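Student: I have a model open and want to read its fold piece by piece. Can we go through it with short questions?

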Amino acid sequence: MRDWNGQLRPTLLALLAATALPALPALPACAQAPGAEARASTARATVSVLDTAFAMPQLGRTRRVWLYLPPDYHTSTKRYPVLYLHDGQNVFDAATSYAGEWGVDEALDSLHAAGGWGAIVVAVDNGQQRRLDEYSPWRNPRHGGGGEGDAYVDFLATTLKPHIDRHYRTRPDRLNTGVAGSSMGGLISLYAALKYPEVFGRAGVFSPAFWFAPELFGYARAAAPRPGTRFYFVTGAREGDRPEVYVADHRRMLDTLAAAGFRRGVEIEEHVRADGTHSEGFWRREFPAAYRWLFRGTEAPAAPAAPVSPMQTP
């Protein structure tokens, strides 16, 4: 079976048997299921499509990229932290989601109305059949896929982020730049923060599918903590067919990062939710708490930044 993000669910056979899994029929990941009725858009006015075919030179392909701007973006001169999200189809709009959306625009609009500073969100669509390839740096010979995660993370750090910083009023420093995602998106978010700690000082890791790329544990053990880094982990106790695998890997990664010098309660905040499932509904519910912890303190004035292009104040 495949989970809501289109990844293979870990089963007893997949995780413990020595034989490879039989081939399974492919369903475009995070795309509306074939034959499903068209759904009305739920994206708010604060959401737009930055580009339907943004170039990804590291991968030789293009991708739709979504943009959320805070409600006061066009009426202020403020600069904002930026959060980069994967599986863009599921972030803002039920009309493009596979099995529900995160409601990030609704959550951030509500937090802004309650007095929050606000943040820019950039969401990159997954590559559907290429999703497993792009969201893991390591190939998984048993389940198939993986191996393009390095190139994908390079795209985020060296192509997409510089573009956003040039054209919008961002706070470009690492402590105001985050990356987050769920399942395979959680895996690649942690990897991005570990590979580019000078770029991503915040990472939201929701229901991570660490079982797909166990090499990440060794990579994390070799990481060197930097001051101010924040990792937020949340996993449900009812994830997929083998929830104990998700919970065990969650705890193993926390122990691994602790051994590398990251401190729980300081650089790391973590939760295992008893009722949490591998679903957009769970991640939607958990997003506001993760965002608040990752970006707390952003109300403080930012350091002066270089002038920006006219595109920043259209």
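**Strands, helices and their packing**

Student: How many bridges join strand S5 to strand S6?
Tutor: This is a predicted model. Strand S5 covers residues 177-182 and strand S6 covers residues 202-206. The two run parallel. One bridge pairs Gly178 with Arg202 in S6. The number of bridges joining S5 to S6 is five.

Student: What is the strand order of the sheet they belong to?
Tutor: The sheet is open and has eight strands. Its pairing is mixed. The order is S1-S2-S4-S3-S5-S6-S7-S8.

Student: Which strands stand at the edges of that sheet?
Tutor: An edge strand here has a single partner strand, so one of its sides is left without a neighbour in the sheet. Neighbouring strands are turned by 20 degrees against each other on average, direction ignored. The edge strands are S1 (47-56) and S8 (268-277).

Student: In the hairpin of S1 and S2, which residue takes a positive phi?
Tutor: S1 and S2 run antiparallel and are joined by seven bridges. One of the bridges pairs Met56 with Arg61 in S2. Four residues lie between the strands, and the phi in question is near 70 degrees. The residue is Gly60.

Student: What is the bridge partner of Trp66 in S4?
Tutor: S2 and S4 run antiparallel. Four bridges hold that pair. The partner of Trp66 is Ala123.

Student: Which residue of S4 does Val82 stand opposite?
Tutor: S3 and S4 pair in the parallel sense. Four bridges make up that pairing. Opposite Val82 stands Ile120.

Student: How many of the residues of S4 are buried?
Tutor: Both faces of S4 are covered. On one side sit Ile120, Val122 and Val124, and on the other Val121 and Ala123, all buried. The count for S4 is five of five.

Student: Which strands does helix H2 touch as it packs on the sheet?
Tutor: H2 spans residues 104-113. The direction of H2 makes about 30 degrees with that of S2. The strands touched are S1, S2 (61-68), S3 (82-85) and S4 (120-124).

Student: Which residues of H2 are buried?
Tutor: H2 is mostly covered, with seven of its 10 residues buried. The cover includes S1, S2, S3, S4 and H8. The buried residues are Val104, Asp105, Glu106, Ala107, Leu108, Asp109 and His112.

Student: Which residue just after H2 takes a positive phi?
Tutor: The phi there is about 110 degrees. The residue is Gly115.

Student: Are H2 and H8 roughly parallel or oblique to each other?
Tutor: H8 covers residues 280-294, and its axis lies 10 Å from that of H2. The crossing is right-handed. The contact is made by Val104, Glu106, Ala107, Leu108 and Leu111 of H2 and by Arg284, Phe287, Pro288, Tyr291 and Arg292 of H8. The angle is about 45 degrees, and therefore H2 and H8 are oblique.

Student: At what angle to S1 does helix H4 run?
Tutor: H4 covers residues 149-167. H4 lies across S1, S2, S3, S4 and S5. The angle to S1 is about 125 degrees.

Student: Is H4 roughly parallel or roughly perpendicular to H5?
Tutor: H5 spans residues 184-195, and the axes of H4 and H5 come within 10 Å and cross at roughly 65 degrees. H4 passes H5 in a right-handed crossing. Gly149, Asp150, Tyr152, Val153 and Asp154 in H4 meet Ile188, Tyr191, Ala192 and Lys195 in H5. The crossing angle makes H4 roughly perpendicular to H5.

Student: Does Ala222 count as buried or exposed?
Tutor: Ala222 is found in the loop between H6 (215-221) and S7 (230-238). Ala222 and Gly261 are 39 residues apart in sequence and 9.8 Å apart, C-alpha to C-alpha. The cut-off for exposed is over 50% relative accessible area. Ala222 has 65% relative accessibility, so Ala222 counts as exposed.

Student: What share of the residues of the protein count as buried?
Tutor: The protein has eight helices and eight strands. About 12400 Å² is exposed, and carbon and sulfur atoms supply 57% of that area. Of the 314 residues, the buried share is 56%.

Notes
Residues numbered from 1 in each chain as written. Predicted model: local features only at pLDDT ≥ 70, side-chain atom pairs only at ≥ 80, totals over all residues. Heavy atoms only, no water. Pairing = 2+ DSSP bridges. Axes fitted to C-alpha atoms, helices over the stretch in contact; angles between N-to-C directions. Contact = heavy atoms within 4.5 Å. Buried < 20%, exposed > 50% of the residue type's maximum accessible area, 1.4 Å probe, protein only. Areas by Shrake-Rupley, 256 points an atom, 1.4 Å probe, with all protein chains shown as cover. Parallel < 35°, antiparallel > 145°, perpendicular 65-115°, else oblique. Left-handed = near helix turned anticlockwise from the far one by under 90°.
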